[in-house]
Every structure is written in structure tokens, then in C-alpha cells.
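Got your viewer open and a selection box ready? Let's take a walk through the model, one pick at a time.

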Amino acid sequence: MARFHQLAVTDVRKTIRDAVVVSLKPVNGGEFDFTQGQYLTFRRDFDGTELRRSYSICAAKGDGLLQVGIKKVDGGAFSTWANEDLKPGDTLEAMSPMGSFFTPIDAAQARNYLAFAGGSGITPVLSILKTTLAAEPHSTFTLVYANRGVNTIMFREELEDLKNTHMGRLTVIHILESDAQDIDLFTGRVDQDKCAALFRHWIDISSIDTAFICGPEPMMLGIAAALRDHGLADDQIKFELFASAQPGRLARKASATSAAGQAKTTQASVTLDGSARSFTMDKDQTILDAALGNAIDAPYACKAGVCSTCRCKVLEGEVEMVANHALEDYEVQRGYVLSCQSFPVTDRVVVDYDQ
Amino acid sequence: MAEDMSIQSYLSQGGKLTNPTNVPPRYRAELMKIMATFVDSELAGAAGFADVINAAPGIKERIAAAKIVLEKTDNAGQVLRLLGEFGADTARYANSHPWTARLPRNAPVGSSRSEHDMRLSVLNYPLDGWVDAVVMNLSMGLAVGVQLDELTRISYQPLAETIRGIAPVEARHVELAEEGLARLIEQEKTPELTVSLEYWRPRVAAIFGEASSGRFEQLSGWGLRHRSNAALLQDWNDRMDAALTRLGLTG
């Protein structure tokens, strides 16, 4: 199960107008020894609702420092708070570092890495490239870094410094969407065609051992397609996606209070894959069994309240969950239940597997 | 850079998801079913093979059987760890079902033992001695190979990467089975072995499901599946025939 630990904020530094780099220090233990490219998941209570957000570590493995980059997202509660109110001396709660956006470091190997970063997607890539350049002295790194304009480039100076520190081993190509550059190729979006042109003139793709991509969805698709077109296999391409579909907006609380009914049966409505089905069920049957009994292909695996495959959200009415070894308090608070362990209490219950 | 794209459209174009926070609810549920099926099958398979260690005719065979039990359990553990990242209680999970439980040997093809674990149906049938276990290991091992090839392309990158690590280990189990069968043929056990093949082949074939499955379209739209049940079954039949030809067991 997920465990949260306290981290003290030791520094908050602006990198660009709407992004901060936050330095953190474990307060009372917890395993925070990370691998380059991993992320931290934070939690914080906003007006009674817990929000969780993941941010990539931007420090190198050898930096002896835990640092994440947080870019402000329009309407994002957590990122706005981090950019506007977070200050040294505050405490954050986070889980131990997670993620597999990295390849093993071996000081003896001479490899050529290529990375693509879009906007704040630079954070894990910066961690990877700093770690690699320092710990694999024979390897080279090429970064293609996409941004809207010059003033939205996070870690621009730090990247310049790294080029000087590791002379000849780091190449950075900035692609700017709206600011014109000396070379036409470096203006516009990074898509499949742009990559093909880069591979023709600027990057010897046949020499590349591993490629990393971190950015928004369309960019990831275009780059991955171009890399495959140019002969890279799936196991040479590493992705990290922090989808825009992971909203930081506060959701409305599900209201589910009505007097417990007296009847032995319940009118149930179950939504799965966009279609709702209604049926009458016994109160001594679980929501999952009733759904399965009514030919609804509801998801489940363990049926023991352990795995959480059968998770659904109660939109109306109340259920009693007799065992829960998999959902956390904040999920339960939002109305999620394990349908294999949940019996209806009210005379009408509405659940949704799609939320 | 903030070009909007729905996760559905991203996935249908071959996009990869990389951690539990990316994952939409229905995708999450189907992915977890896939992972639970893998974990339960490995645990049930290892549990069934544990007894076979004592049926092994020699030290080499004992080591091979023990190695298979150890490695299948380890493979289960690797995928169970991923389930844990979605909230599953991994310690409870590992002991939540009686992995050694089996149906009677003569239960009809495609039977399911219980609704409570997700093992593939073939793992509900008991092994009957050493020869039978080696035949089952070859037939099922080749089927696992086909299924793992499919899983290495899955759109949930952490699972695809884990499976890429597991696939060579499972492939080695098939090699051990083929070596074991070659020895049994030298020892003139071909008649026994033929009986076992007739028993296991239809039971393994049943794990590929119905030729046209309604779920396939949805699962392939999410990048959770790529090849149809019928194509996977055909692939397995081809691999079986090739193995049996190598062993001189055709005809």
C-alpha cells in the first residue's frame, strides 16, 4: 500500500515565470533514494478534498539533493498553489520515488542517448541527462527540446552550463513553436515530419542506443513513429507521459445521503462503457455479483477486496463495503468502493465503473 | 505544446501509458484483469509444478522442475508489484487463493474451477506424473510464449517492459521441456507421451478463447490487445507442430 512521508521544503526557486523548482529534504525517514527519471507523488488537502499530483525529479542521482520541477497548469489547484504559496519551511507529503523512465547506468559503456522533451517534460529528462553525463564519461547525449517560445524554456541556463561542463558530449537543439530562429527547421512543432528532417540533417539516428520521450500525447506519438520508421525497436524507446487528462481541478463531492431503506431489494443502476443498465437486486448480494448476474461484464479479479480491479463510484444511494484492502481513504471519501465487497443499503443505488 | 488529445485517441494511435496516474478507469480495470490473470496463472502453474519435483526421475530433472517453480513464482512477483502500484495489497494477494487446487483429471475441456481466481482454465487440470508434466510444460510453455509476445506490445509500458524481462525466462522453460521430451523419447516413453499430448492439446487451445470475441475491439482500441484470438491460436498451433516435428512426433 502507498505510504506517505513528510518532506521539508528547503528552497523554492522560479525557473521561468510560471514554473518553480522545489528542493526537499525528508523529515522523518522514508526511502527517498531515487533513480534518475523517477517521479514523486504528492498529496495535499484542498478544502476537504485530497488531491494527488505527480512531479518528476529534476536533480541528478549524484546531486545529493531531492528536487522537483512544477509548472503551473491553468486551473490546476496543486500546481497553482505550489507556484504561488509554497515557501521554504513548509512541509509536503510524498510517496517514495516511483517510475521506470530510465536505463541502467554503467560507467564503462559508451552509448549515444537521444531525448525529446516538450515543455515541462524536461524535468525527468534533465535528471537523466545530468546523471548520465556525470556517471557515464564515454557516453553522449542529444536533447531535442520543444517549447512555445524562448521565455518558456525551463532550465535554459542550466543546460548551457552543462554543455560547457561536458564539452562535446551534450548537444541541445531547441525547437520553438512561435519564435523564429536562424534555422527554419528549428521553428514549429516537433512532429513526425520534423523528426524525419532532424534525422536527415542533424542527428545520426543509426548511432542512437536509447531514446527518451517526455511530453504531451501528440508529440509522443509523432516522435515514436519517426523513431520506429528509422529503425529503433520498442525496447530502445522509453516514454514518460504525464497526461493532460490527469486533472488537478477539484472535483465536486459526490452527495450520497438518503435514509436507509426498509425493503429487502434495491433498484440498482450500473454504468459500464458508457451505457447504464437498471435492475432489481437483493440487498444480500454484492454490487459486482448482481451486475455479473445481469449480464453486465463488470471488471473484477480477486473478489477478495485485495486487488481493486472492481473499483466503481457510488453516485447515488449508499452501500456497505465489508472489506477493503486496496482503496485508500481519499478514494473512499470520493465515493469509490470495491464492488465485490459492497452491499446496497438504500433502496436505490447508482454506480459507475467509468469514473 | 498544449495540443489537446483524448487518451482514447492517443491510445488508438499506439500511445503508451507510463504510470497509474495516467490510466483512465475502464482501462485500469481491464489492465488489472490482464495482470491478475498473469499472476494467478504463474502462481497456480508454479504450485502445480512443485509436486512434480518429487516425481522427477533424476537429479537433472529435479533441478529443472525446481528451477521452473522458482522462476514462475518470481515472474508472478514481478507483475504483482505492478498491481501493487495500483493499490492492490500484494502481501494478501499472494496468499488469497488456494493455488494448488485442481479439478478432477476427467473434467471436461474449458471448465473453470472457481470464480475466485483468474488463472487460465488449463491450469485447473491436475498433472499426472513426470511424463505428463513435461508434455504440459511444452504445450503450455509454447502458448505462454505466444501470449507474452502479445503482452510485450501492450500500451502500459511498465508491464510491457516487465514482460520483456520475463519472456526469455519462460522461453528457457520451454527449452527444458523440449530437452526433457527428447530424453523421454530415447527412453521409449513415446506411447505415454502421445496420450498426454492428446489430453493437453485441446485444454491449452481453450485458453485462447473464442475465435471472435466482442471485447477484442475495445481492448485493441486501448492498445491492450493487438492480435485476435484466432491469430494467437494459429500461432500456437504452428509452434506446437514445429516442436513436435523437431522431436519426430508428427504423423
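What follows is a list of stops, each with something to select and a note on what is there. Keep in mind throughout that this is a predicted model.

**Stop 1: a ring pair in chain A**

Start with aromatic rings. A search over all chains turns up 16 aromatic pairs in the whole structure. Select A:F101 and A:F212: their ring centres sit 5.5 Å apart with the planes at 90°, and planes over 60 degrees apart count as edge-to-face, so that is what this pair is. Now look at where each ring comes from. A:F101 belongs to the loop between β6 (91–95) and β7 (112–118) of chain A, while A:F212 is in strand β10 (residues 210–214), so to speak a long-distance call: the two are 111 residues apart and the pair links distant parts of the chain. Is A:F101 buried or exposed? It is buried, as its relative accessible area is 1%. A:F212 is buried too, with a value of 1%.

**Stop 2: the strand around A:F212**

Stay where you are and select β10(A) as a whole. Five of its five residues are buried, which leaves the strand mostly covered. Show the side chains next. In a regular strand, side chains alternate between the two faces of the sheet. Here A:T210, A:F212 and A:C214 point one way, A:A211 and A:I213 point the other way, and all are buried.

Which strands flank this one? On one hand there is β7(A), which runs parallel to β10(A) and is joined to it by five bridges. On the other there is strand β11 (residues 237–240) of chain A, also paired with β10(A) in the parallel sense, over four bridges. Pick A:I213 to see both partnerships: A:F116 stands opposite A:I213, and A:F239 is the bridge partner of A:I213 in β11(A). Then add helix α5 (residues 217–229) of chain A to the selection; β10(A), this helix and β11(A) form a right-handed β-α-β unit.

**Stop 3: a cluster and a covered helix**

Select A:F42, A:F46, A:Y55, A:F78 and A:W81 together. Ring pairs link these five into a cluster. Two of them, A:F78 and A:W81, are among the buried residues of α1(A), along with A:A77, A:S79, A:A82 and A:N83. Helix α1 (residues 77–84) is mostly covered, with six of its eight residues buried. What do those buried residues pack against? Colour β1 (4–16), β2 (19–26), β3 (39–46), β4 (49–56), β5 (66–71) and β6 of chain A, and you have the answer.

**Stop 4: two positive phi values**

Still in chain A, jump to the loop between β12 (265–272) and β13 (275–282), where you'll find A:D273. Its phi is near 50°, a positive value in a residue other than glycine. A:D273 is partly exposed, at a relative accessible area of 35%. Next, pick A:A295, in the loop between α6 (287–293) and β14 (311–316) of chain A. Phi of A:A295 is near 60°, again positive in a residue other than glycine. With a relative accessible area of 65%, A:A295 is exposed.

**Stop 5: chain B from a distance**

Zoom out and show chain B as a cartoon. There are nine helices and zero strands. The C-alpha atoms fill a box of roughly 70 × 40 × 30 Å along the principal axes. For 251 residues, a compact globule would have a radius of gyration near 18 Å, and the 19 Å of chain B agrees with that. Of its 251 residues, 54% count as buried. Among contacts between residues at least 6 apart in sequence, 72% join residues at least 24 apart.

**Stop 6: B:Y199 and B:W200**

Zoom back in on B:Y199, in helix α7 (residues 190–205) of chain B, and on B:Y125, in the loop between α4 (90–94) and α5 (129–151). Their ring centres are 6.3 Å apart and their planes are at 85°, so this pair is edge-to-face. Both tyrosines are buried. Add two arginines: B:R105 lies over the face of B:Y199 at 3.6 Å from the ring centre, and B:R203 lies over that ring's face at 3.8 Å.

Last pick: B:W200, also in helix α7 of chain B. At 0% relative accessibility, B:W200 counts as buried. Residues that B:W200 touches include B:R105, B:Y125, B:P126, B:D132 and B:M136.

Definitions and conventions:
Residues numbered from 1 in each chain as written. Chains lettered and ligands numbered in written order. Predicted model: local features only at pLDDT ≥ 70, side-chain atom pairs only at ≥ 80, totals over all residues. Heavy atoms only, no water. Phe/Tyr/Trp six-rings, centres within 6.5 Å; stacked < 30°, edge-to-face > 60°. Buried < 20%, exposed > 50% of the residue type's maximum accessible area, 1.4 Å probe, protein only. Lys NZ or Arg CZ within 6 Å of the ring centre and 35° of its normal. Pairing = 2+ DSSP bridges. Right-handed = clockwise from strand over helix to strand, strands pointing away. Rg over C-alpha atoms; globule rule 2.2 N^0.38 Å. Contact = heavy atoms within 4.5 Å. Lists of a residue's contacts leave out its neighbours within four places in sequence.
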